[in-house]
Each structure stands twice: as structure tokens, then as C-alpha cells.
Amino acid sequence: MRRTIIALATIAMTSACATVSSETLEDRTLSYGCSDIVAIGRLENGAYEASDSADDLIGHGWINATLHVRRVVSGGTVPTNLPVRYFAHTYMRDDRDFMFVLTPVDQGFEIATAQLMSARPRAVRDCP
């Protein structure tokens, strides 16, 4: 009897730990503006420039990268190897495809937001 209880308790704890809630449609939605580009691709991370904020406890900074564009979902034409930058505390994964929202800035593009393609993101235009 004791073995049965231990086995059932182990199964219950293991399945509870392995349960992952699925992302909602809202979680998977990437809003973008009229001048933004939405593209699917992979990053090749480059140099990290730390921010100089005394209040930044986890160390954010600007990261320069090259976006290897596989497909443009919305917006104008961009090169297949596009220099971009983003503000973060660590590098984004460079081994998986993302859907990126790219905002044009003076010297190129910044990543406004991104979502792993495995999450099945959807882009929604948000402009008048």
C-alpha cells in the first residue's frame, strides 16, 4: 500500500511540475505601427554597450546585431542581412527564428519587440 501511495504522489508532483499554461492570443500578438517593419528571421548578436544608469540593478545595455531576414511580413523591403540594435539585459537567442517588429531610427532599425516563431505570433497593425 505504501508503494502505491508513493508512486501516486510522485506521478502527481511530476505532472504538476510539467504542466505549462498555453499562451493566450493576447500574449502572442505583436502590435506594430505604420512605419514599422515586421520580419521573420534570426539574430547574429554583436557588441554589447552597457547603459550608465546607477539605478539599473540587472545591467541593461544596447546590443548591436545582424538580423538575417527570412521573410518580410509587413512594411517595406529590407536587405537579407540587416544591422539592428536592441535594449536588453542579455543577448537574444540566436539559434531560433523570431518574428520581429523593427522601428526605423536615424541610423537603421531598432527591435521594438519580438516573439519566438514556435509561439505562433501574429502581427496586428496599430495605426490610424
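In this predicted model, the link between Cys34 and Cys127 is right-handed, with 120° about the S-S bond. A disulfide is a covalent bond between the sulfur atoms of two cysteines. Here the sulfur atoms of Cys34 and Cys127 lie 2.2 Å apart, and the count of disulfides comes to one. This pair ties together distant parts of the chain, with the two positions 93 residues apart in numbering. Cys34 sits in the loop between β1 (29–32) and β2, while Cys127 belongs to the segment after β7 (122–125). Cys34 is partly exposed, at a relative accessible area of 45%, and Cys127 is likewise partly exposed, at 24% relative accessibility.

Turning to the interior, the largest nonpolar core holds 18 residues, and Leu43, Val84 and Leu102 touch the most other members. At least two residues of this core come from each of β2 (37–50), β3 (61–74), β4 (81–88), β5 (98–105) and β6 (108–116). Val84 offers a good view of the surroundings: beyond residues up to four places away in sequence, Val84 touches Leu43, Ile63, Asn64, Ala65, Leu67, Leu102, Phe109 and Ile111. A second, separate core has six residues, among them Leu30, Tyr32, Ile40 and Met99.

Arg28 is a charming case to look at next. This residue lies in helix α2 (residues 25–28). Arg28 counts as buried because its relative accessibility is 16%, under the 20% cut-off. The side chain of Arg28 reaches the backbone oxygen of Arg120 at 2.8 Å. Setting aside neighbours within four places in sequence, the contacts of Arg28 are Glu23, Gln115, Ala119, Arg120, Pro121 and Arg122.

Notes: Residues numbered from 1 in each chain as written. Predicted model: local features only at pLDDT ≥ 70, side-chain atom pairs only at ≥ 80, totals over all residues. Heavy atoms only, no water. Core = buried A, V, L, I, M, F, W, Y, C linked by side-chain atoms within 4.5 Å. Buried < 20%, exposed > 50% of the residue type's maximum accessible area, 1.4 Å probe, protein only. Helix = DSSP H or I, 4+ residues; strand = E, 2+ residues; numbered from the N terminus. Contact = heavy atoms within 4.5 Å. Polar contact = N/O pair within 3.5 Å; in protein donor to acceptor, adjacent residues only side chain to side chain. Disulfide = S-S within 2.5 Å.
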